[in-house]
Each structure stands twice: as structure tokens, then as C-alpha cells.
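Me: I would like to go through this structure with you and ask how each label is earned. Could you set the values against the definitions as we go?

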Amino acid sequence: QVQLTESGGGSVQAGDSLRLSCAASGRTFYSNTMGWFRQAAGKEREFVAAARGSGSVTYTFYATSVKGRFTIPRDNAKNTVYLQMNSLKPEDTAVYYCAASKSYTGGNYGDKNFYDYWGQGTQVTVSS
């Protein structure tokens, strides 16, 4: 049984940093596409970041709203992907979800339907 377990959420001030972790169990996602989505209250779940590949051949993708502030490093030895969030803004407040796809050769990483597994979500609250 595949499980994705997020951690690292919390309440911070604008301008602060947070690092979310997503640990996978039940199978390895060595080169598979893994992503982060978020859902603010009353809004649709939206794409944040994704990573495909491993090591020196890792492709990363970001939503325009977070590009330059967020990164998505992954540690394949730990079967874990992270979301490093810097310069946080109040509009980043949301529940953040980790997702993993069975695919490792591409696809629409920004589409939540592309992903096969989801974590339970972790709350991030940024106050001004």
C-alpha cells in the first residue's frame, strides 16, 4: 500500500521560510514525477511545483506564482520530496498536498489528474 506522508506545515510571518517534507512508503519513486499542490479555503486545488527524474537529470517545474521563491528538491535515498518555501506571502496560505505519479517519462505535471497517489495535506498559514 502506497502512502505519502507530509510534514512541516505551520504558521509563520510573511517573509519567513518553511520546508515541507513528503515521505513515500510502499514503493519507490526514484524518477517518477512527484509534485506539490495547494488548496486555499474556497478555491480549487492548484499546482505548485513538480520534479521528474533523479540526480543530475532532474527536471523541475513551478507555478508562476511561486517561481523564484519555492524549490522542490528530492532525496531518492529517503524516498522523499521536499518543498522549500522562501519569502512566504499571505496568499501562500493553503493546505499543501504532495502527489506522486506512476509516470517518469513526462505528462501534464500541472494537472492533478496526472497523479496517482496523494498525501493527506498539511496546513501552511502565512500572516502579514
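Me: Happy to start with a pair of residues: which residue stands opposite Ala94 in S12?

Reply: Ala94 stands opposite Val124 in S12. Before we go on, this is a predicted model, where local features need pLDDT of at least 70 and side-chain atom pairs count only at pLDDT 80 or more, while totals for chains, interfaces and linings use all residues. Residues are numbered from 1 along each chain as its sequence is written, and side-chain values use heavy atoms, with hydrogens and water left out.

Me: What makes S10 and S12 a pair of strands?

Reply: Strands are DSSP runs of E with at least two residues, numbered from the N terminus, and two of them pair if DSSP finds at least two bridges between them. Three bridges join S10 to strand S12 (residues 122–127), so the requirement is met, and the two run antiparallel.

Me: Which other strands does S10 pair with, and in what sense?

Reply: Strand S4 (residues 34–39) pairs with S10 in the antiparallel sense over six bridges, and there Trp36 stands opposite Cys98. Strand S11 (residues 117–118) is also an antiparallel partner of S10, over two bridges; that count just satisfies "at least two". Here Ala99 stands opposite Trp118.

Me: Why is S10 called largely enclosed?

Reply: Buried means under 20% relative accessible area, exposed over 50%, and partly exposed in between (1.4 Å probe, protein chains only). Six of the seven residues of S10 are buried, so the strand is largely enclosed by the rest of the structure.

Me: Why is Val66 called buried?

Reply: Its relative accessible area is 0%, which is under 20%, so Val66 is buried. Val66 sits in the loop between strand S6 (57–62) and strand S7 (70–71). Contact means heavy atoms within 4.5 Å, and Val66 touches Arg38 and Val48, not counting residues up to four places away in sequence.

Me: How do you know that Arg74 has no salt bridge?

Reply: A salt bridge needs a side-chain nitrogen of Lys or Arg within 4 Å of a carboxyl oxygen of Asp or Glu. Lys and Arg count as positive and Asp and Glu as negative, with His and the chain ends not counted. For Arg74, which is buried, the nearest side chain of opposite charge is Asp75, 8.7 Å away, so the salt-bridge limit is not met.

Me: What does the side chain of Arg74 reach instead?

Reply: It reaches the backbone oxygen of Asn32 at 2.9 Å, and a polar contact of 3.4 Å joins the side chains of Arg74 and Asn76. A polar contact is a pair of N or O atoms within 3.5 Å; within protein, one must be able to donate a hydrogen and the other to accept it, and residues adjacent in sequence count only if both atoms are side-chain atoms. Arg74 lies in strand S8, and its contacts beyond four places in sequence include Phe29, Tyr30 and Tyr82.

Me: What makes the phi of Asn79 worth pointing out?

Reply: Most residues other than glycine have a negative phi. Asn79 has a positive value, near 55°. Asn79 is in the loop between strand S8 (74–75) and strand S9 (80–85), and its 12% relative accessibility is under 20%, so it counts as buried.

Me: Why is Ser87 called partly exposed?

Reply: Its relative accessible area is 41%, between 20% and 50%, so Ser87 is partly exposed. Ser87 lies in the loop between S9 and strand S10 (94–100), and has a positive phi of about 50° although it is not a glycine.

Conventions
Helices (H or I, at least four residues) and strands (E, at least two) are DSSP runs, numbered from the N terminus.
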